[in-house]
Structures are given as C-alpha cells and as structure tokens.
Amino acid sequence: MPVEAGQEQAVGVYAFTNTGNEPVTILDIHSNCGCTVPELEKKTYEPGESGEIKAIFTLGDRTGPQRKVLTVNTDMPGRPITRLVLEANIPKLMTITPRILICEQGSPVRIKRSM
C-alpha cells in the first residue's frame with residue numbers, strides 16, 4: 001500500500017464474493033493492534049453477493065515497514081478463519097544531515113557528526 005509523507009491514515013479495501021451455495025455470516029473481525037480498525041458494511045452475505053472489508057490504519061508517528069493482520073471469523077464450514085494482511089512502508093518526514101553544525105566567530109566552519 002503506498003503511503004505519502006504526512007498522511008494520517010491509510011485504508012486497505014478487501015473485496016470478496018460469497019461463491020458458495022449458502023449464506024455466510026462474518027461473526028467477528030479483529031486486528032493484531034489498536035492502530036488498525038476494521039469496517040464491514042453488513043454481516044451476512046447471500047450466495048453470489050459481494051462485499052468489502054475496510055482496514056483503517058492510523059499511522060501516528062510510525063515509520064518504515066508496517067505489517068498489520070486482520071483475522072476474519074465466519075460461520076463458513078471448513079474455513080471459519082481468514083487472515084487479511086495490510087502492508088505499508090511509511091516514509092520519514094525528513095532526514096537532517098549533518099545533525100550538528102558548529103560555527104565560531106572568526107573560525108572556519110566545522111561539521112561535527114553525531115549519531
């Protein structure tokens with residue numbers, strides 16, 4: 001999922017279709033962290049009916065690669081649990097190099113690198 005610097009949230013959309021012969025009810029959806037909230041239009045889908053699960057990821061002060069997992073519990077026989085993965089790489093807003101610049105009156109500029 002592409003994420004831009006300064007973005008507050010990212011939304012992943014998972015489209016699905018009930019390809020079975022019986023209605024399927026989504027009993028529960030939960031995330032592996034509090035920063036990702038699932039949204040669902042409704043709980044029961046008839047045969048042939050489509051829907052979407054949205055995962056709203058609040059970026060906060062996170063940077064770098066992120067991996068969030070939604071666990072979907074259904075009443076579907078033989079496959080009651082499905083895991084959906086949301087991956088994002090959040091860029092840093094800025095990098096400052098060098099970190100410290102020391103200037104003394106009458107002296108040449110010296111750069112001190114700090115880690």
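Phe16 comes out as partly exposed in this predicted model, with a relative accessibility of 24%. Its ring belongs to the 1 aromatic pair that turns up when the whole structure is searched. The partner is Tyr45: the ring centres sit 4.9 Å apart and the planes meet at 80°, so the pair is edge-to-face. Phe16 is part of strand β1 and Tyr45 part of strand β4 (residues 44-45), so this pair ties together parts that are 29 residues apart in sequence. Tyr45 itself is buried, with a relative accessible area of just 2%, which is under the 20% cut-off for that label.

Strand β1 also takes part in a sheet. Three strands make up this open sheet, in the order β1-β5-β3, and their pairing is antiparallel. The edges are taken by β1 (9-17) and β3 (36-40), each of which pairs on one side only. From one strand to the next, the twist averages 20°. Between β3 and strand β5 (residues 50-58), which run antiparallel, there are 5 bridges. Within this part of the sheet, Glu39 stands opposite Lys54 of β5.

What about charged pairs? Side chains of opposite charge can pair when their charged atoms come close. The structure has 2 salt bridges. One of them joins the side chains of Glu49 and Lys42, at 2.4 Å from N to O. Glu49 counts as partly exposed at 22% relative accessibility, and Lys42 is likewise partly exposed, its relative accessible area being 36%. Another salt bridge links Arg67 with Glu87, where the closest N and O atoms are 3.3 Å apart. Here Arg67 belongs to strand β6 and Glu87 to strand β7 (residues 81-90), so the pair ties together parts that are 20 residues apart in sequence. Glu87 is partly exposed, at 48% relative accessibility; the cut-off for exposed is over 50%, so Glu87 does not get that label.

Two other polar residues of β6 deserve a look. Gln66 lies in this strand, which spans residues 64-74, and with 14% relative accessibility it counts as buried. Setting aside residues up to four places away in sequence, Gln66 touches Phe57, Leu86, Glu87, Ala88 and Ile90. That list includes Glu87, the salt-bridge partner of Arg67.

Lys68 is found in β6 too. At 11% relative accessibility, Lys68 counts as buried. Beyond its neighbours within four places in sequence, Lys68 is in contact with Asn32, Cys33, Cys35, Thr36, Phe57, Arg62, Leu84, Val85 and Leu86. One of these, Leu84, is 16 residues from Lys68 in sequence, and the C-alpha atoms of the two are 8.4 Å apart in space. Phe57 and Leu86 are among the contacts of Lys68, and both also touch Gln66.

The contacts of Lys68 also include two cysteines, Cys33 and Cys35. Cys33 is partly exposed at 22% relative accessibility, whereas Cys35 counts as buried at 9%. A disulfide is a covalent bond between the sulfur atoms of two cysteines. The structure holds 0 disulfides, so no pair of cysteine sulfur atoms lies within 2.5 Å.

Methods
Residues are numbered from 1 along each chain as its sequence is written. This is a predicted model: local features need pLDDT of at least 70, side-chain atom pairs count only at pLDDT 80 or more; totals for chains, interfaces and linings use all residues. Side-chain values use heavy atoms; hydrogens and water are left out. Helices (H or I, at least four residues) and strands (E, at least two) are DSSP runs, numbered from the N terminus. Buried means under 20% relative accessible area, exposed over 50%, partly exposed in between (1.4 Å probe, protein chains only). Contact means heavy atoms within 4.5 Å. Two strands pair if DSSP finds at least two bridges between them. Axes are lines fitted to C-alpha atoms, for helices over the stretch in contact, and angles run from 0 to 180 degrees between N-to-C directions. A salt bridge is a side-chain nitrogen of Lys or Arg within 4 Å of a carboxyl oxygen of Asp or Glu. Rings of Phe, Tyr and Trp (its six-membered ring) pair if their centres lie within 6.5 Å; planes under 30 degrees apart count as stacked, over 60 as edge-to-face and the rest as tilted.
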